[in-house]
2 protein chains.
Amino acid sequence: MDANAGKLDLKKKFQEFGQKYTAQRQAVFDIMLEHNELHMSSEEIHARLKQMHPGIGVATVYRTLQLFDKMQIIRKTGLEDGFTRYELNDQNQHAHHHLICNSCGNVINMEDDLLDELEEQIYIKMGFTVHNHNLKFYGLCKNCV
Amino acid sequence: MDANAGKLDLKKKFQEFGQKYTAQRQAVFDIMLEHNELHMSSEEIHARLKQMHPGIGVATVYRTLQLFDKMQIIRKTGLEDGFTRYELNDQNQHAHHHLICNSCGNVINMEDDLLDELEEQIYIKMGFTVHNHNLKFYGLCKNCV
DNA sequence: ATCAATGCAAAGATTTTGCATCAAG
DNA sequence: CTTGATGCAAAATCTTTGCATTGAT
């Protein structure tokens, strides 16, 4: 894998969107890539950014995350805990699902999609064309049963 | 159907939870029952409450909604728009799904569940016991295609 | 009569905005 | 150069909390 693959992709994507490619935006993307499974809030992302990029401001993080959301680079996970949380959005496939343990609070990713059939039924029954989905399961993980 | 059915249920449920049955709590429940399909935020619920119950305070609404959530009378819908939104929680069955139109913003309920098979696979593959779920589909409704 | 629930206002927390400065194209 | 992006601080939002009072049991 090319070490610059992420940077090149991002720069090109910004050009397509008529947006400027900046060090801060790249840094936010890098952090998301590195800690994607943590479903970080804006605050958590900002805290991690400051380690490598001390001067970065909160406003930039919020604005960058909004932009990334609009560009479909990331999406909101919505764990309903008072923070807006984000994860990378794989644009080649529908989103994975989240298994949220009611006991320990852990959030486990489940990579299989398995909703194609249901989405087809939705189109047939309701005339609604599905582009993506967000599915959370609540229950008990194997450690907490 | 008995006109007092809702009230009687609620009073009993509060007793079981060691909570007091108050006019304000009943009023919040009534509003939820009447406008459930609106997926109202706390603010919207408060606004509607004030029509019939002018003196009610925001804090009471927030506290009541938290209590209802804990009692599993309602659940958070999580439409990711900056507000915490709620709907009644049918305790006899898993939650219905939401079809969210990316164009007009409408939120359509889909009553069929159809996730039993998937939930069984989750238990087999991941050892995770599903109690409930929250599924949102994003796309275009039939009016916006 | 007791103790929790309410209403009000103040405080907290998260997110957004205005503006001068800086930097990408 | 020009225009948008950044950082800071202030403001705006949404939600929670403290406390005196009210009301349910």
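The exercises below work through the interface between chain A and chain B in a predicted model.

**Exercise 1.** Find how many residues of chain A and of chain B are in contact, and how much area the two chains bury between them.

*Solution.* Begin with the contacts: 39 residues of chain A touch 39 residues of chain B. Next, turn to the area, because the size of an interface is often given as the accessible area lost when the parts come together. Chain A and chain B bury about 3,100 Å² between them, and 67% of this lies on carbon and sulfur atoms. Finally, look for the residues of chain A that lose the most area to chain B, which are A:Glu80, A:Phe128 and A:Phe137, together making up 20% of what that side buries.

**Exercise 2.** Determine whether the pair B:Lys125 and A:Asp112 meets the salt-bridge rule, for which the nitrogen and the carboxyl oxygen must lie within 4 Å.

*Solution.* The closest N and O atoms of B:Lys125 and A:Asp112 are 3.1 Å apart, so the pair satisfies the limit of 4 Å and forms a salt bridge. Across the whole interface of the two chains, the rule finds two salt bridges.

**Exercise 3.** Work out which element supplies the largest share of the side of chain A that touches chain B, and how this element pairs with chain B.

*Solution.* Strands S3 (97-101), S4 (107-110) and S5 (129-140) and helix H5 (116-126) of chain A each supply at least two residues of this side. The largest share, 12 residues, comes from S5(A). S5(A) pairs with strand S5 (residues 129-140) of chain B in the antiparallel sense, over 11 bridges. Within this pairing, A:His133 stands opposite B:Phe137 in S5(B).

Methods. Residues numbered from 1 in each chain as written. Chains lettered and ligands numbered in written order. Predicted model: local features only at pLDDT ≥ 70, side-chain atom pairs only at ≥ 80, totals over all residues. Heavy atoms only, no water. Contact = heavy atoms within 4.5 Å. Buried area = accessible area lost by both parts, 1.4 Å probe. Salt bridge = Lys/Arg side-chain N within 4 Å of Asp/Glu carboxyl O. Helix = DSSP H or I, 4+ residues; strand = E, 2+ residues; numbered from the N terminus. Pairing = 2+ DSSP bridges.
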